[in-house]
Amino acid sequence: MRIDVSRTPVIDVYHMLVGLVAPRPIAWVTTISESGVVNLAPFSFFNAFGANPPVVVFSPTLKRDGGKKDTLLNIEANGEFVINASTEKHADLINLSSKPLSYDESEVALTGQATTPSTLVRPPRLADVPFALECKLMQIIPVGNGPISANLVIGQIVTMHVNDDILDSHGIPDPRKINAIARLGGEYWCRTQDLFQLERPQ
Ligand SMILES: Cc1cc2nc3c(=O)[nH]c(=O)nc-3n(C[C@H](O)[C@H](O)[C@H](O)COP(=O)(O)O)c2cc1C
């Protein structure tokens, strides 16, 4: 099968893309509105891209009606967000938090999650996650302007909160203790249980 992207409906391109570029880690993002409503939503167009300074990128795409998602509106307004860990324990709640609520409603309340204040940014972090990354906006790069077009939110991590119980004896995160989950295509998600190790070539 060959897909000529320019002649293919956007929604079909989307389904093909997320089925092929997988698994994708999930950023469970908290932001805050000017009136103090804490927003929570998952984003799997997400990854880390460098460590000096530590930088992450995620993409709240434009909605199918062309509007902006609440997360993007909040970050445009105040430039701050927190990436909370997505683990197996919270899979159902992560999914539930993707429900489109109105701008003045909070998915934190919907999912019954407790929050705790962040140290360097206004949006709080989730209390019951093994790590959370406080981020300040560096740049937003819109790519396209139609439905499902990307908005690359580039954020610098300014503080990392890491529970000691996910670290190994050297103080490095142990994937066997995090139980991260990730997004595949369709309705599929995956766990991180079937691990193997390889040594890097010298
Ligand atoms: C696991 C998962 C991953 C998702 N990844 C993205 C994504 O990368 N970009 C995006 O725009 N929407 C993504 N969504 C959908 C958003 O979470 C959804 O549109 C949500 O309502 C946005 O919330 P907001 O309007 O409060 O920002 C994802 C949903 C789920 C369940």
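Which strands does α2 lie across, and at about what angle does α2 run to β2? Keep that in mind while you load the model, which is a predicted one.

**Stop 1: the seven-stranded sheet**

Select β3, β2, β6, β9, β10, β5 and β4. These 7 strands form an open sheet, in the order just given, with antiparallel pairing. The edges are β3 and β4, each of which pairs on one side only. Look along the sheet for its twist: neighbouring strands are turned by 30° against each other on average, direction ignored.

**Stop 2: the helix on the sheet**

Now add α2, residues 70-78. Here is the reply to the opening question: α2 lies across β2, β3, β6, β9 and β10, and runs at about 55° to β2.

**Stop 3: the β4 end**

Select residues 46-51 for β4 and 54-58 for β5. The two strands run antiparallel and are joined by 5 bridges. A hairpin of 2 residues links β4 to β5. Pick F46 and you will find F58 of β5 opposite.

Then move to the other pairing of β5. Select β10, residues 150-162. β5 and β10 run antiparallel, with 4 bridges between them. V55 stands opposite Q156 in β10.

**Stop 4: inside the sheet**

Select β6 (80-84) and β9 (131-143). They are antiparallel and share 5 bridges. Pick N84: its bridge partner in β9 is A132.

**Stop 5: the nonpolar core**

Which residues touch the most other members of the largest nonpolar core? Select A27, V29, F43, F58, V82 and I83: within this core of 28 residues, they are the ones. The elements giving two or more residues to the core are β2, β3, β5, α2, β6 and β9. Nonpolar side chains tend to be buried together in soluble globular proteins.

Centre on F58. Leaving aside residues up to four places away in sequence, F58 touches A27, V29, F43, F45, F46 and V153. F46 is thus a familiar name here: F46 also stands opposite F58 across the β4-β5 pair.

**Stop 6: around the ligand**

Show the ligand and its shell of 17 residues. A41, F45, D70, T71 and S98 come nearest. Which strand gives the largest share of the shell? Colour β3 (38-43). β3 supplies 4 residues, the largest share. β3 and α2 each supply at least two residues. Colour by class next: the shell holds 7 nonpolar, 7 polar and 3 charged residues. F45 appears here among the nearest residues, and F45 is also one of the contacts of F58.

**Stop 7: the three-stranded sheet**

Select β1, β11 and β12. They form an open sheet of 3 strands in the order β1-β11-β12, again with antiparallel pairing. β1 (24-25) and β12 (189-190) are the edges; each has a single partner strand, so one side of each is left without a neighbour in the sheet. β11, residues 182-183, is joined to β12 by 2 bridges. R183 has W189 as its bridge partner in β12.

**Stop 8: two exposed residues**

Buried or exposed: what is G67? Select it in the loop between β5 and α2. G67 is exposed, because only 12 or fewer C-beta atoms within 10 Å are allowed for that label and G67 has 11. Draw a C-alpha to C-alpha distance from G67 to S169: 47 Å, with their positions 102 residues apart in sequence.

Finish on V5, in the segment before α1 (10-20). V5 counts as exposed, with 10 C-beta neighbours inside 10 Å. From V5 to S33 the C-alpha atoms are 37 Å apart, for a sequence separation of 28 residues.

Terms used:
Residues are numbered from 1 along each chain as its sequence is written. This is a predicted model: local features need pLDDT of at least 70, side-chain atom pairs count only at pLDDT 80 or more; totals for chains, interfaces and linings use all residues. Two strands pair if DSSP finds at least two bridges between them. A residue is buried if 20 or more other C-beta atoms lie within 10 Å of its own, exposed if 12 or fewer, and partly exposed in between; C-beta atoms are placed from the backbone. A residue is near a molecule or strand if its C-beta atom, placed from the backbone, lies within 6 Å of it. Ala, Val, Leu, Ile, Met, Phe, Trp, Tyr, Cys and Pro count as nonpolar, Asp, Glu, Lys and Arg as charged, and the others, Gly among them, as polar. A nonpolar core is a set of buried Ala, Val, Leu, Ile, Met, Phe, Trp, Tyr and Cys residues joined through C-beta atoms within 7 Å. Two residues are in contact if their C-beta atoms, placed from the backbone, lie within 7 Å. Axes are lines fitted to C-alpha atoms, for helices over the stretch in contact, and angles run from 0 to 180 degrees between N-to-C directions.
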